[in-house]
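Let's take a walk through a protein model, one piece at a time. Keep the picture open and turn it as you read.

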Amino acid sequence: MADLSTDFVGIKSPNPFWLASAPPTDKEYNVRRAFEAGWGGVVWKTLGLDPHIVNVNGPRYGAVWGADRRLLGLNNIELITDRPLDVNLREIKQVKRDWRNRALVVSLMVPCDEESWKAILPLVEETEADGIELNFGCPHGMSERGMGSAVGQVPEYIEMVSRWCKANTRMPVIVKLTPNITDIRYPARAARAGGADAVSLINTVSSITSVDLDTFSPEPSIDGKGSHGGYCGPAVKPIALNMVAEIARDPETAGFPISGIGGITTWRDAAEFIALGAGSVQVCAAAMTYGFRVVEEMISGLSQWMDDKGHAGLDAIRGRAVPNVTDWQYLNLNYVAKARIDQDLCIHCGRCYAACEDTSHQAIAMKPGRVFEVKDDECVACNLCVNVCPVEGCISMEAMTPGTVDPRTGRVVEREYANWTTHPNNPAAPPRAAE
Amino acid sequence: MIPTPRTLGIAPGRLPAEEIAANFADLAPPLTPHEALVAADRCYFCHDAPCVAACPTAIDIPLFVRQIATGTPEAAAHTILSQNILGGMCARVCPTETLCEEACVREAAEGRPVEIARLQRHATDVAMARPGHPFRRAAPTGRAVAVVGAGPAGLACAHRLALLGHAVTLHDARPKGGGLNEFGIAAYKAPGGFAQAELDWLLGIGGIEVRYGAALGGDLTLRDLRARFDAVFLGIGLGGVNALAAKGTHRDGVRPAVDFIAELRQSDDLARLPVGRRVVVVGGGMTAIDAAVQSKLLGAEEVTILYRRSRGKMSASGYEQDLAAGHGVRILCGVVPVKVKGNGAVREVECAYVEEGPKGLRETGETFTLKADQLLTAIGQTLGPDVPGKLELEGGKIRVTGPGQTSVKGVWAGGDCASGGDDLTVTAVAEGRDAAIDIHRALMG
């Protein structure tokens with residue numbers, strides 16, 4: 001069986017699945033049960049300085065649902081822990097003492113001055129926790145007080161606080177990044193420049209999940225008013241994957257350890273983050289939706305896939321997808337594909353036809369008997385039919401063999417790679433030699 | 001002595017009243033709002049959806065299901081009722097397993113279609129629970145139309161005509177309207193007086209004057225109607241029944257299944273409705289199934305359906321056959337009754353095996369005898385005796401072309417009495433509706 005053991009900046013865990021700093025990791029009871037369920041690690045919900053903060057006394061979460069009310073996105077306006085610092089520290093110490101082989105990282109958020117950090121770091125160190133995660137990510141509430149994403153949005157602050165922490169603790173320092181910025185590479189570079197050991201991302205996305213059409217209040221509604229929250233869950237996974245990839249392939253941060261977070265719901269999601277360079281993965285919404293037991297599927301699924309593929313350990317897959325992330329301009333324009341509909345799998349719903357006919361390239365024919373066929377002379381291989389088809393594997397994209405003629409363009413499919421940088425329509429392309 | 005299923009002869013109250021009441025409860029209970037949302041989420045919103053093509057009234061099913069899924073069942077009902085004003089009844093009685101739900105792509109994909117019928121019932125129940133009527137009449141046209149027959153075809157026709165602004169006079173031979181909805185279909189498909197409730201709701205459109213107890217051939221003549229109205233629609237159904245070609249059918253206990261069902265439907269106390277200990281039902285259609293299952297539910301000990309052809313040729317759907325089998329009804333195929341025996345009342349039915357040959361069915365010579373106290377015939381219905389002679393017939397029904405035009409100018413027909421189409425409630429609704437649109441076109445130019 002594949003070895004899932006993980007060593008992330010020196011923090012060891014039996015598997016890469018950590019619970020993210022969030023409501024599930026707010027107290028000893030939860031964390032013990034999470035470890036019993038099999039989670040490899042937890043990042044304890046963010047501690048702050050006393051007096052501890054307070055939370056609203058109304059709804060903290062909003063949601064977006066898919067079919068059958070499947071939770072696709074969850075938004076929260078909960079703040080950092082609302083329990084006294086010493087209670088949390090005592091519990092962390094207890095749990096760590098009993099669960100030596102699990103990762104226990106403590107998330108921290110204190111005002112942006114060195115004294116505050118100097119004050120809290122030794123207290124955490126005394127718990128024998130494995131590391132700290134600097135919460136520069138939460139976009140709601142605390143950011144109004146100059147913390148959370150207010151820090152994460154200013155690379156200079158990230159660098160400065162990272163440096164303070166590294167100077168004042170022996171524990172590994174992970175910087176948790178907010179996605180509520182324009183270019184994730186700058187905060188990541190700042191963390192590295194400040195000496196941090198790793199980054200974790202993404203924290204939640206600023207969001208309003210819905211508006212109550214009776215009261216005209218945003219949700220979650222507190223006495224008729226709403227405030228933007230932080231969005232997580234399956235809906236944010238694509239945003240997170242991209243940001244992880246951006247950092248992984250940025251020459252300035254290449255190789256910088258990343259703990260991947262954002263909508264990880266199944267083993268497959270986790271494997272994708274790892275393939276894009278994540279050293280560990282953090283989960284929250286999936287646990288909040290289904291309970292701690294989801295980790296069993298994550299462990300078994302990742303193990304089975306690794307066994308099937310012959311990957312002995314996580315090192316064999318980590319970062320494997322990074323070299324394949326590139327800029328659009330380097331994509332091979334000589335690669336030509338066509339949609340193919342498997343008539344045996346087709347259930348004749350016609351969604352591919354409606355999508356293509358109404359909104360794309362009119363490249364699917366509807367024939368008698370509700371038979372749907374691709375018109376190769378119109379198909380640009382956009383993939384929309386694949387995406388709207390309700391039957392997995394029914395429609396696929398098939399690459400054309402070089403040397404054959406693309407009926408859409410009438411041109412022979414070239415064997416050689418060619419991209420936009422040299423394309424004749426590109427004004428910036430180098431001039432071609434006279435023929 | 002308190003009767004039991006084994007009491008000899010034909011007797012009421014074979015089961016405790018509570019058990020009979022439970023037996024006749026809703027066959028397919030309404031979806032709860034939660035169930036409706038879960039069910040609606042399964043619809044793929046197909047392009048040019050096959051379910052719509054399979055619906056005789058062409059209800060835009062993907063649209064109404066999406067309207068339910070997005071929390072607007074009233075809008076869903078409007079989508080349904082715009083095409084089929086008896087969408088509430090059709091949701092209950094349509095053989096959807098051979099119509100929309102058979103065509104559903106999820107039936108192809110998973111063998112489990114979207115529950116279209118129950119979703120349609122959900123939406124129409126919500127709409128009909130609201131006060132008022134969801135449609136508004138057009139301005140009066142000054143034209144008057146006579147509709148004869150207040151069954152599904154007549155009601156659909158009358159409603160559409162009223163909607164278009166015509167003054168409608170709706171006639172029916174019986175003391176109340178609804179036709180087969182009220183007198184024909186199995187009680188457990190539309191319990192709680194739904195047929196009358198739907199009729200009353202439908203009449204809420206206004207502009208429809210109702211005359212019950214007015215039968216064609218009695219006070220009512222086609223000549224008179226043509227003289228007094230600008231157009232006439234006949235939705236008179238099938239008033240006669242085919243006779244059983246067996247000896248001894250005069251014996252007590254032999255009767256048409258439709259009469260048995262009508263009596264059952266009009267009974268206000270099913271515990272007092274008599275049924276045989278051993279009931280034999282002859283026929284292979286929905287009427288046979290309905291009669292057999294309801295006999296069983298009333299407490300008959302043994303119920304047997306005799307059908308002359310193979311099971312696959314029964315016009316009752318597989319679902320209906322399974323429903324009967326599930327209630328303990330025995331279905332014997334390739335069998336005909338040849339002689340009803342008894343001393344005054346039925347005691348036995350002599351049956352013969354038949355097989356299909358080049359010249360049709362023929363008896364194999366092998367026979368057997370079933371004990372029976374009651375024999376119900378469900379071998380097809382015919383036009384009643386009072387059809388005006390001027391109307392040309394085709395295959396024993398009023399010949400119609402296009403949207404219900406008969407051979408007589410100014411007279412339209414639809415539903416079971418008219419040629420073509422399946423004898424289904426939903427087909428009758430479509431024909432009545434389409435005839436109304438054609439009448440409107442003819443009257444308004």
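Start with chain B, keeping in mind that what you're looking at is a predicted model. Chain B is split into three parts: domain 1 covers 33–128, domain 2 is made of 144–239 + 383–444, and domain 3 spans 241–377. Going by C-alpha atoms, the centres of domain 1 and domain 2 of chain B sit 26 Å apart. Where these two meet, 12 residues of domain 1 of chain B are in contact with 19 residues of domain 2 of chain B. On the domain 1 side of that meeting place, α6(B) is the biggest contributor, with 5 residues. What is that side made of? It divides into 8 nonpolar residues, 3 polar and 1 charged.

Now look at one helix of chain B, α5, which runs over residues 73–83. Its buried residues are P73(B), A76(B), A77(B), T79(B), I80(B) and L81(B). And what covers them? The cover includes three other helices of chain B: α4 (61–69), α6 (87–93) and α9 (116–128). So you've now met α6(B) twice: it helps cover α5(B), and it also gives the most to the side of domain 1 that touches domain 2 in chain B.

Next, find a little sheet in chain B. It is an open sheet of 3 strands in the order β12-β13-β14, paired antiparallel. The strands at its edges are β12 (335–341) and β14 (360–371) of chain B, and each of them pairs on one side only. Neighbouring strands here are turned against each other by 25 degrees on average, ignoring direction. Zoom in on β13 (residues 348–357) of chain B and you'll find 9 bridges joining it to β14(B), the two running antiparallel. For a single example, take C351(B): its bridge partner in β14(B) is F368(B).

How do the two chains meet? 10 residues of chain B are in contact with 12 residues of chain A. On the chain B side, helix α8 (residues 105–110) supplies the largest share, 3 residues. That side of chain B divides into 7 nonpolar residues, 1 polar and 2 charged.

Cross over to chain A, which has 12 helices and 22 strands. Its radius of gyration is 25 Å, close to the 22 Å that the globule rule gives for 435 residues, so chain A is as compact as a globular protein of that length. Its C-alpha atoms fill a box of roughly 70 × 55 × 45 Å along the principal axes, and 46% of its 435 residues count as buried. The domain assignment gives chain A a domain 1 (6–324) and a domain 2 (328–422), with 39 Å between their centres, taken over C-alpha atoms.

Now for the barrel of chain A. Eight strands, β3-β4-β7-β8-β9-β10-β15-β16, form a closed barrel with parallel pairing. From one strand to the next, the twist averages 25 degrees. Pick out β7 (residues 103–108) and β8 (residues 131–136) of chain A: 4 bridges join them, and they run parallel. There, V105(A) stands opposite G131(A) in β8(A). Helices pack on this sheet as well. Helix α7 (residues 237–249) of chain A touches β10 (198–201), β15 (258–261) and β16 (278–283), and its direction makes about 165 degrees with that of β15(A). Helix α8 (residues 267–275) of chain A touches β3 (17–19), β15 and β16, at about 145 degrees to the direction of β16(A).

Definitions and conventions: Residues are numbered from 1 along each chain as its sequence is written. Chains are lettered from A and ligands numbered from 1 in the order in which they are written. This is a predicted model: local features need pLDDT of at least 70, side-chain atom pairs count only at pLDDT 80 or more; totals for chains, interfaces and linings use all residues. A residue is buried if 20 or more other C-beta atoms lie within 10 Å of its own, exposed if 12 or fewer, and partly exposed in between; C-beta atoms are placed from the backbone. Two residues are in contact if their C-beta atoms, placed from the backbone, lie within 7 Å. Domain bounds come from an automatic or database domain assignment. Ala, Val, Leu, Ile, Met, Phe, Trp, Tyr, Cys and Pro count as nonpolar, Asp, Glu, Lys and Arg as charged, and the others, Gly among them, as polar. The radius of gyration is taken over C-alpha atoms; the globule rule is 2.2 Å times the number of residues to the power 0.38. Two strands pair if DSSP finds at least two bridges between them. Axes are lines fitted to C-alpha atoms, for helices over the stretch in contact, and angles run from 0 to 180 degrees between N-to-C directions.
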